[in-house]
Amino acid sequence: MKGCNVMVGFLPSFTASLLGSLLLIFLQLLVFANQGGRCFGLWAVGWALLLPLEVYAYIYGAGNGATVPVACFCLTAGVSAGGFFFWGRLSQKGQVLPWWGMAGWGLLLTGALLGVSTGYQDQVARLVYGFLGLVFIWGGLVFLRREPGTAALFFMGCCLVPLGLGSLNAALGWLVPVGPLWEFSFLAVLKLLLVAGSMRFYFWQMTKGLDDQVSYLNTLIDNLNEGFLTYNHQAVISLANKKMGEIMDCPPEALVGICLFDQVPPRERTKVTAKVWHCLEAGKGDRYETVIFRSDGEERFVRVNTSPVLTAGVITGGMALIEDITEQTAAQAELAATQERARLLADALENSGQPFGAAYPGGKMLICNRALSELTGFTKEELKKLNWFADLTPPEWQEYDLARLKASLRTGQAQRYDKEYIRKDGSRVPIELFRHQVRDETGKIKYFYAFINDISARKRAEEELRAANRRLQDIIEFLPDPTLVIDAGKKVIAWNRAMEELTGVPKEEIIGKGDCAYAMPFYGEPRPILIDFVGGERAAREKASPYEYFKQQGDTIYGQIYVPCIKGSKGTYLWGIAAPLYDNQGNVVGAIESMRDITDRKQLEERLKHLSLRDPLIGIYNRAYFEQEMRRLEHEYSGAVGIIVCDVDGLKLINDTMGHDTGDVVLITAAGVIKKVFRDTDVVARIGGDEFVVLMPGADRITVAAACHRIRLAIDDYNQRHPKLPLSISIGFAAGKTPGNMLGLFEEADNNMYREKLHRKQSTRSAIVSTLMKALEARDFITEGHAARLEELALSLGLVVGLSDRSLADLRLLAQFHDIGKVGIPDRILFKPGPLTAEERLEMQRHSEIGYGIALAAPDLVPIADFILKHHEWWNGQGYPFGLKGEEIPLECRIISIADAYDAMTSDRPYRRAASREKAILELRQCAGVQFDPALVQEFNKIIINNDGKLVVAH
């Protein structure tokens with residue numbers, strides 16, 4: 001009866017648990033077949049639905065003990081565990097724990113034994129509980145020791161160990177009393193753990209597969225040949241590959257978190273911003289080129305391909321492939337530049353006035369320009385049909401041209417020579433041919449090209465030169481000064497009549513002779529004369545020169561020498577001028593020397609030498625004598641000496657307002673007042689226009705101070721007797737020992753004099769004017785005598801055009817101070833002997849503005865400040881600094897410009913000789929209406945210069 005009850009209670013419970021287990025097994029197989037997360041979810045739901053069935057089996061089979069539900073659990077768990085093991089082995093996916101298979105087959109065997117041994121429930125139950133307890137404890141410890149551990153494995157280990165201890169408790173005789181509820185709870189929790197473990201294993205498999213895919217994708221991205229990056233909705237970079245790091249010259253991790261727009265120059269930011277937002281908002285990719293900043297600030301050209309990033313159909317960001325095209329862009333730019341240069345070169349050749357052509361080795365024309373067409377008279381199309389070597393070259397030139405061509409082929413060098421071309425109308429044109437050749441990499445001639453010059457004018461000039469040489473021979477022959485000419489071999493080729501008369505040697509005996517034979521009439525032996533030093537090293541010339549005076553100015557050499565024997569004379573002083581002769585190519589082909597007998601002048605100079613030590617106006621010693629005495633006292637005198645420096649105040653102002661005659665009277669008076677104070681042994685000298693100096697040998701400081709006091713008393717006495725023209729003199733003195741100290745004493749006395757002048761109110765205006773004048777004289781090497789001549793020229797022209805007395809006074813000041821601004825021009829420009837560069841001319845032109853500023857600072861010069869600023873304006877408006885035209889230019893400036901130009905042309909310069917008056921007047925006429933006022937030039941032509949150098953007006 002009991003067995004029957006057992007069977008009746010066991011069958012429904014066993015059947016319900018078996019059906020639930022079979023359902024779970026089916027769902028598990030679907031999961032193993034990779035049907036996705038939904039099947040796995042259904043499987044978990046099936047486990048949950050099994051719990052009510054287990055409750056029913058427990059309640060219904062309560063009278064039969066726990067064997068039925070335990071048997072069902074063992075079957076289900078065994079199938080699950082064995083299935084995981086079996087599926088893992090078959091599919092080779094993931095990591096499979098080997099103990100899962102053993103546990104699964106053990107649970108299946110246990111369930112089967114329980115299902116067929118219901119009659120031995122208690123004994124079997126103890127065995128099952130004992131076996132499960134050991135399995136759970138062992139499995140829990142394995143989970144706890146698993147590396148690396150996770151929270152799920154740790155939780156499962158913590159649950160399995162207590163459950164295993166509970167199972168051992170039941171197997172060993174219920175050491176701790178538990179009821180049926182514990183058994184049910186135990187089985188329920190166990191099944192939940194089985195569900196959780198299965199889910200954990202599944203998700204571990206999925207995560208591992210996803211990690212593999214991510215790793216593969218990262219490897220693929222890092223190995224791209226282009227830069228790759230992703231960014232979010234704020235355009236902030238979230239990922240960058242290694243290539244992107246190379247492009248940006250920084251680690252790719254350093255780009256993460258940086259805004260895309262911060263890497264773009266401001267000029268490109270608007271375009272890039274529009275492209276990025278279009279991709280993020282419209283979801284459409286784009287392709288464009290832009291510029292980015294590298295980490296070192298360098299700009300790189302890149303090509304960008306953008307695409308949106310979609311997640312579940314929603315735009316979550318963007319990604320971009322970036323190609324560095326800097327080198328490609330540079331190459332394209334260089335190609336474009338090369339093409340542009342080629343186009344410009346072609347245009348330049350075509351539009352050049354220089355005839356040009358290129359031809360193949362056989363002579364067929366390849367290209368030619370318009371200038372060659374104009375030179376020959378053929379059209380460009382006609383020239384391309386001609387043979388360059390045969391059709392354009394006259395027959396008599398072809399053999400010569402062929403020989404030059406063969407020489408060019410043999411040497412591989414360019415050739416330059418003269419020949420003729422036949423024009424279309426049959427006429428001849430002389431040309432200069434400059435022919436080159438172009439070879440390929442094998443050395444074979446590809447083509448010739450040549451630049452051609454029309455030398456018709458040169459040929460005419462050469463013929464004219466030959467005629468001029470014949471005329472020159474005639475001119476040399478009849479020159480009044482003795483003249484000889486030698487060729488490049490130093491042989492005499494010209495010996496004029498005056499030279500025959502001077503030396504007594506006829507030309508027939510000397511022409512063609514060399515080796516300094518032309519020196520025999522002068523020295524009685526062959527030796528170098530002035531003409532032999534032309535073209536040699538300057539140092540060698542000066543060292544070897546026997547001349548008393550020897551000077552080189554440009555290519556011309558000046559010399560003075562005493563020669564002992566000319567036609568039996570006792571001796572003669574000769575002044576010589578020698579210069580090189582050039583051909584039309586600028587090559588030295590000889591030299592010419594002219595001589596002049598200056599014996600009478602030399603004797604006159606000796607007689608005047610004594611007079612040269614006296615001031616011609618006043619009669620006292622001059623500066624030369626003063627400096628001579630200074631040097632003598634410096635080296636020959638060892639006692640005390642005093643120096644007094646006196647400067648006449650306001651002399652320039654007196655000259656400008658009362659005339660130079662009055663100024664001369666003031667100077668003579670000042671010299672007389674100073675001289676009568678001193679002893680005959682004292683040296684009183686005039687060392688400048690208004691400056692006097694006194695040397696007092698043997699005088700100490702007290703004696704010198706007393707002398708200065710006597711000078712002041714004498715000045716006061718004179719002023720009382722001559723109140724209409726008072727005398728004002730600034731005085732400074734110094735005294736000391738002479739050895740090595742004369743220059744220092746003079747400077748001390750001079751400084752003391754200027755210090756007194758600064759404290760004399762009545763000389764303030766004169767001091768300003770004098771300072772400016774000295775500054776100008778120190779800075780401008782051409783002002784010696786220039787200001788005086790310019791003043792006379794300008795005043796003469798001003799009188800002719802009827803200027804008022806006031807305007808004439810302004811014109812006088814302007815003549816003296818128009819170039820005062822040159823004090824601000826650097827020496828390298830002001831004293832440059834050759835032509836100025838464009839930059840140097842601009843610097844020189846600033847002197848008018850500098851002079852304007854100086855004049856505004858000096859009260860005496862304020863009235864002419866505007867004239868100083870505008871004195872370089874041209875009549876046609878091409879002057880500076882304002883480009884004024886015509887009568888916009890002040891009349892005083894127009895007068896000064898004419899006078900200044902005339903004086904400049906008729907005065908010597910370091911780089912040229914003075915022009916004649918006639919040539920200067922002709923130049924002024926040619927520039928009338930361009931640089932100068934035509935009416936004023938016409939009036940200026942009426943002004944002539946007589947032999948005494950004084951200006952008069954032709955009536």
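**Entry 1: salt bridges**

I began with the salt bridges and counted 39 of them. I note here that the model is a predicted one.

I looked first at R303, which forms a salt bridge with E289; their closest N and O atoms are 3.0 Å apart. R303 sits in strand β4 (residues 299-311) and E289 in strand β3 (residues 286-293), so this pair ties together parts that are 14 residues apart in sequence. I then checked burial for both partners. R303 has 13% relative accessibility and counts as buried, because the cut-off for buried is under 20%. E289, at 40%, counts as partly exposed.

Next I looked up K490 and D532, whose side chains meet in a salt bridge at 3.8 Å, N to O. This pair links distant parts of the chain, 42 residues apart. I found K490 in the loop between β11 (483-487) and β12 (492-495). D532 is in the loop between α17 (520-523) and α18 (538-544). K490 is partly exposed, with a relative accessible area of 33%, whereas D532 is buried at 15%.

The third pair I took was D682 and R679, with closest N and O atoms 2.7 Å apart in their salt bridge. D682 is buried, with a relative accessible area of 6%. R679 counts as partly exposed at 44% relative accessibility.

I also noted a network of salt bridges that links D249, R294, E298, R300, D324 and E327.

**Entry 2: the five-stranded sheet**

I traced an open sheet of five strands, and I wrote down the order as β17-β19-β20-β18-β21, with mixed pairing. Which strands are at the edges? I found β17 (621-622) and β21 (729-737) there, each pairing on one side only.

Inside the sheet I followed β19 (residues 683-686) and β20 (residues 691-697), which pair in the antiparallel sense over four bridges. I looked up R686 and found that its bridge partner in β20 is F692.

**Entry 3: helices on the sheet**

I then turned to the helices that go with these strands. Helix α23 (residues 701-721) packs on the sheet and touches β18, β20 and β21. I noted that the direction of α23 makes about 165° with that of β21.

Helix α22 (residues 660-675) lies across β18 (640-648), β19, β20 and β21. I recorded that α22 runs at about 15° to β20.

I picked out G672, a residue of helix α22. How buried or exposed is G672? I found a relative accessible area of 38%, which makes G672 partly exposed. I also compared its position with that of A714: the two are 42 residues apart in sequence and 10.0 Å apart in space, C-alpha to C-alpha.

**Entry 4: cysteines**

Last, I searched the whole structure for disulfides and found zero. I checked C646, which is in no disulfide. Where is the nearest cysteine sulfur to that of C646? I found it in C708, 6.9 Å away. A disulfide needs the two sulfur atoms within 2.5 Å, so this separation does not qualify. I also looked up the accessibility of C646: at 0% relative accessibility, C646 counts as buried.

Notes. Residues numbered from 1 in each chain as written. Predicted model: local features only at pLDDT ≥ 70, side-chain atom pairs only at ≥ 80, totals over all residues. Heavy atoms only, no water. Buried < 20%, exposed > 50% of the residue type's maximum accessible area, 1.4 Å probe, protein only. Pairing = 2+ DSSP bridges. Helix = DSSP H or I, 4+ residues; strand = E, 2+ residues; numbered from the N terminus. Contact = heavy atoms within 4.5 Å. Axes fitted to C-alpha atoms, helices over the stretch in contact; angles between N-to-C directions. Salt bridge = Lys/Arg side-chain N within 4 Å of Asp/Glu carboxyl O.
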